Amino acid sequence: MRLPENLNQQIKDPKIFSEIYQQYFRKVFGICFYYTQDEECAQELSQEIFHSLWERRNSIDLQKGLEPYLSKAAKYKVIDHMRKKARQNQHAAGIFPEGCTHENCTENQVLYAHLNEKVGQLVDSMPCKCQQVYTLSREKGLSIKEIASSLLISEKTVKNHMNRALSFLRQHLQEYL
């Protein structure tokens with residue numbers, strides 16, 4: 001398939017986008033799989049890249065070509081995924097630094113589950129935007145910039161919502177601090 005010369009205008013057409021997806025999905029998947037060595041993860045990352053391409057089709061600049069754009073997007077997506085995964089592993093190591101070799105391991109797990117439940121209830125009681133921002137940041141691991149982009153609000157607004165959410169949690173979790 002030969003892609004149209006004015007791709008920035010043509011990518012808005014669902015038929016052409018579908019053809020782009022068919023032509024480039026395997027390449028994007030291959031890049032993601034090469035770095036992650038996880039088929040399911042590579043599939044998910046590839047889908048996210050094409051979803052993002054479609055969502056940003058009105059503002060994206062493809063002057064340098066689609067293939068270089070998709071290759072770069074795949075590499076950045078994998079790097080971002082690995083960064084989030086490393087952050088999650090650090091958090092998990094901080095919660096149970098020595099594993100479950102202690103006598104009070106079960107007690108710690110019960111306390112952690114209780115705290116997690118309490119945080120969940122508090123998050124549910126937050127105002128809608130604070131709740132969305134907190135969830136995207138802490139549970140999905142998105143950056144302030146990514147949250148602002150996904151919610152179509154400014155980065156400063158994201159920071160304000162995040163500060164309110166964290167302040168609210170600190171205030172209501174004093175017994176755990």
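1. Let me start with Lys118, which is partly exposed, with a relative accessible area of 25%. Lys118 belongs to helix α5, residues 105-124. Its C-alpha atom is separated by 9.8 Å from that of Leu169, and the two residues are 51 residues apart along the chain.

2. A word on what you are looking at: this is a predicted model. The average pLDDT of the protein is 83, and 86% of the residues score at least 70. Among the elements, the lowest mean pLDDT (68) belongs to helix α1, residues 7-10, and the highest (92) to α3. Please keep the α1 value in mind when you read that part of the model.

3. Now the overall build. The protein has eight helices and zero strands, so that the order of elements from the N terminus on reads α-α-α-α-α-α-α-α. Of its 177 residues, 29% count as buried. Turning to contacts with a separation of 6 or more, 56% of them are between residues 24 or more positions apart.

4. How do α2 and α3 pack? Helix α2 covers residues 14-36 and helix α3 residues 39-55; their axes lie 8 Å apart, at an angle of about 140°. The crossing in which α2 passes α3 is right-handed. On the α2 side the contact is made by Pro14, Phe17, Ile20, Tyr21, Tyr24, Phe25, Val28, Phe29, Cys32, Phe33 and Thr36. On the α3 side the residues are Glu39, Cys41, Ala42, Gln43, Leu45, Ser46, Gln47, Ile49, Phe50, Leu53 and Trp54. By class, the residues of this contact divide into 17 nonpolar, four polar and one charged.

5. Next, the salt bridges, of which the count comes to four. One of them joins the side chains of Glu48 and Lys77, with an N to O distance of 3.2 Å. This pair links distant parts of the chain, since Glu48 sits in helix α3 and Lys77 in helix α4, 29 residues apart. Glu48 counts as partly exposed, at 31% relative accessibility. Lys77 is partly exposed as well, with a relative accessible area of 24%.

6. Within helix α4 there is another pair to look at. The side chains of Asp80 and Arg83 meet in a salt bridge of 3.8 Å, N to O. Both residues lie in α4, three residues apart, which is about one turn of the helix. Is Asp80 buried or exposed? Asp80 counts as buried because its relative accessibility is 12%, under the 20% limit. Arg83, at 48% relative accessibility, counts as partly exposed.

7. Asp80 has a further partner. Lys84 forms a salt bridge with Asp80, and the closest N and O atoms are 3.2 Å apart. Lys84 and Asp80 are separated by about one helical turn because they are four residues apart in helix α4. Through shared partners, salt bridges join Asp80, Arg83 and Lys84 into one network.

8. Lys84 deserves a point of its own. Lys84 is found in helix α4, residues 66-95. With 16% relative accessibility, Lys84 counts as buried. Which residues does Lys84 contact, leaving aside its neighbours within four places in sequence? They are Lys140, Gly141, Leu142 and Glu146. When you inspect this site, you can view these contacts together with the salt bridge from Lys84 to Asp80.

9. Finally, Ser71, which also lies in helix α4. Ser71 counts as buried, at 15% relative accessibility. Not counting residues up to four places away in sequence, Ser71 touches Lys27 and Ile31. The C-alpha atoms of Ser71 and Phe29 are separated by 9.8 Å, with their positions 42 residues apart along the chain. Phe29 is also one of the α2 residues that make the contact with α3.

Methods:
Residues are numbered from 1 along each chain as its sequence is written. This is a predicted model: local features need pLDDT of at least 70, side-chain atom pairs count only at pLDDT 80 or more; totals for chains, interfaces and linings use all residues. Side-chain values use heavy atoms; hydrogens and water are left out. Axes are lines fitted to C-alpha atoms, for helices over the stretch in contact, and angles run from 0 to 180 degrees between N-to-C directions. Helices (H or I, at least four residues) and strands (E, at least two) are DSSP runs, numbered from the N terminus. A crossing is left-handed if the near helix is turned anticlockwise from the far one by less than a right angle, and right-handed if clockwise. Contact means heavy atoms within 4.5 Å. Ala, Val, Leu, Ile, Met, Phe, Trp, Tyr, Cys and Pro count as nonpolar, Asp, Glu, Lys and Arg as charged, and the others, Gly among them, as polar. pLDDT is the predictor's confidence in each residue, from 0 to 100. Buried means under 20% relative accessible area, exposed over 50%, partly exposed in between (1.4 Å probe, protein chains only).
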